[in-house]
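Reader: I'm new to this, so could you take a close look at one single part and walk me through it?

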Amino acid sequence: MARESASDSDLVSRRKIILGTGAAGAAMLAGCSSGDGGGDDGNNSGDGQGQDNSGDGTAGSMDTSVLTGDGSSTVFPITNDGASYWNSNPEAGDGDYWPSEWADEYGTDMRLADYFAQQYGYEPTGKRSSPPFRVSIALSHSGTGIEGVMEERVDIGDSSAPAAAELAGSDPSEETLNNFVDHVVGVDGQPIVVSNEIADAGVESITIEELRSIYRQEITNWSELGGPDRDILALGRAANSGTATSFRSNVFGDPNADTSPDQRFGQNQQLQQAVSQADNAITYIALAFVEPDGGTPPVDLEIDGTTYSYGENLGAAEYPLSRDLHAYTWQDTSRKEACFINFLLSDFGQETFVAGNNYFQLPQDRLETQREKVAASNYE
């Protein structure tokens with residue numbers, strides 16, 4: 001299937017729901033419907049990995065085994081929340097999970113998963129907590145997700161860094177990289193946050209040069225940055241996490257750059273807790289884990305005379321820490337994988353799972369490109 005090259009230079013902005021946008025999304029989804037509902041994705045092995053995109057619809061029964069995913073703790077809030085809603089299969093009119101205004105925009109009275117799955121030929125169940133197929137998303141980090149999908153242990157590999165960057169240390173072949181299908185589901189601004197005590201002491205911004213020096217252990221005391229006379233505790237993610245890979249690539253220009261954080265953590269959740277419990281910490285973190293009035297207040301980052309601030313311009317094309325959030329598949333994309341990814345890319349999915357977790361939704365042009373790769377019409 002056609003691939004889109006992920007680019008950090010695309011302008012990203014948070015979109016608000018308007019009826020016109022919703023109607024356009026509904027029309028697009030209707031155009032993607034497979035119609036006959038009798039197709040097959042070629043997967044009868046029970047492991048969720050068989051794929052058939054020939055579109056002849058003549059092979060066996062639909063694959064309803066569990067769709068599995070694993071990987072990035074940054075992407076996890078998007079795919080896991082999507083899985084929770086999907087598995088719940090709430091009725092139209094459920095104010096918390098499938099509100100009437102959304103069901104009406106799509107012109108359906110079907111249950112949530114039933115509606116999106118039937119476009120790909122799946123039979124609606126009409127039952128709560130009984131979707132046409134279930135989705136299970138595990139939490140680890142990007143390297144695990146990339147390896148998992150590559151080794152065909154999972155269907156979807158969540159990653160907050162490109163597969164090429166995650167595998168750079170192992171020098172993967174072009175053939176291996178070409179087997180990854182990149183589905184971008186959102187964008188993260190990756191702000192810089194500090195402990196409350198540091199923010200309260202008046203440290204409101206740092207430069208990218210100072211940030212580099214902190215993670216090279218060249219600046220080690222907050223007094224050097226206008227803060228208190230206190231050692232800097234530079235925290236980071238695990239070396240093979242997508243967040244760390246993106247940080248090294250975006251800040252140092254090399255995904256394998258030598259950095260020296262004082263402590264590393266495997267997940268954003270752990271990193272968030274460590275910053276909030278310290279009185280001298282700094283770190284880079286995913287947008288979903290920033291608490292401006294809590295334990296992880298953000299600081300501005302000055303780059304080449306421009307100040308980038310949380311809640312203002314972290315989605316700007318020029319902000320170098322902005323990065324795509326990926327849901328990779330392997331060797332094309334099966335009907336079942338496409339069905340769920342299309343759900344994440346829908347207007348409902350972007351507003352609920354991407355913007356709902358404080359990430360940036362894809363702008364319309366990128367959204368249309370990503371939707372084309374998983375359109376139901378590809379599986380007729």
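A close look at helix α2

Author: Let's start with the whole chain: its accessible surface is about 14300 Å², and 42% of that belongs to carbon and sulfur atoms (areas by the Shrake-Rupley method with a 1.4 Å probe; for residues, only the protein chains shown count as cover). Keep in mind that this is a predicted model, where local features need pLDDT of at least 70, side-chain atom pairs count only at pLDDT 80 or more, and totals for chains, interfaces and linings use all residues. Residues are numbered from 1 along each chain as its sequence is written, and side-chain values use heavy atoms, leaving out hydrogens and water.

Now for α2, residues 76-88. Helices here are DSSP runs of H or I with at least four residues, numbered from the N terminus. From first C-alpha to last, the 13 residues of α2 reach 18 Å, close to the expected 18 Å (1.5 Å times one less than the number of residues).

10 of those 13 are buried, so α2 is largely enclosed by the rest of the structure; buried means under 20% relative accessible area with a 1.4 Å probe, protein chains only. Among the buried ones are F76, P77 and W86.

So who's the partner? The axis of α2 comes within 10 Å of that of α12 (residues 335-345), crossing at roughly 105°. Axes are lines fitted to C-alpha atoms over the stretch in contact, with angles from 0 to 180 degrees between N-to-C directions. That makes the two helices roughly perpendicular, a label for 65 to 115 degrees. I78, T79, G82, A83, Y85 and W86 of α2 meet C339, F340, F343 and L344 of α12, with contact meaning heavy atoms within 4.5 Å. Just past the end of α2, N89 has a positive phi of about 50°.

Definitions and conventions:
Parallel < 35°, antiparallel > 145°, perpendicular 65-115°, else oblique. Buried < 20%, exposed > 50% of the residue type's maximum accessible area, 1.4 Å probe, protein only.
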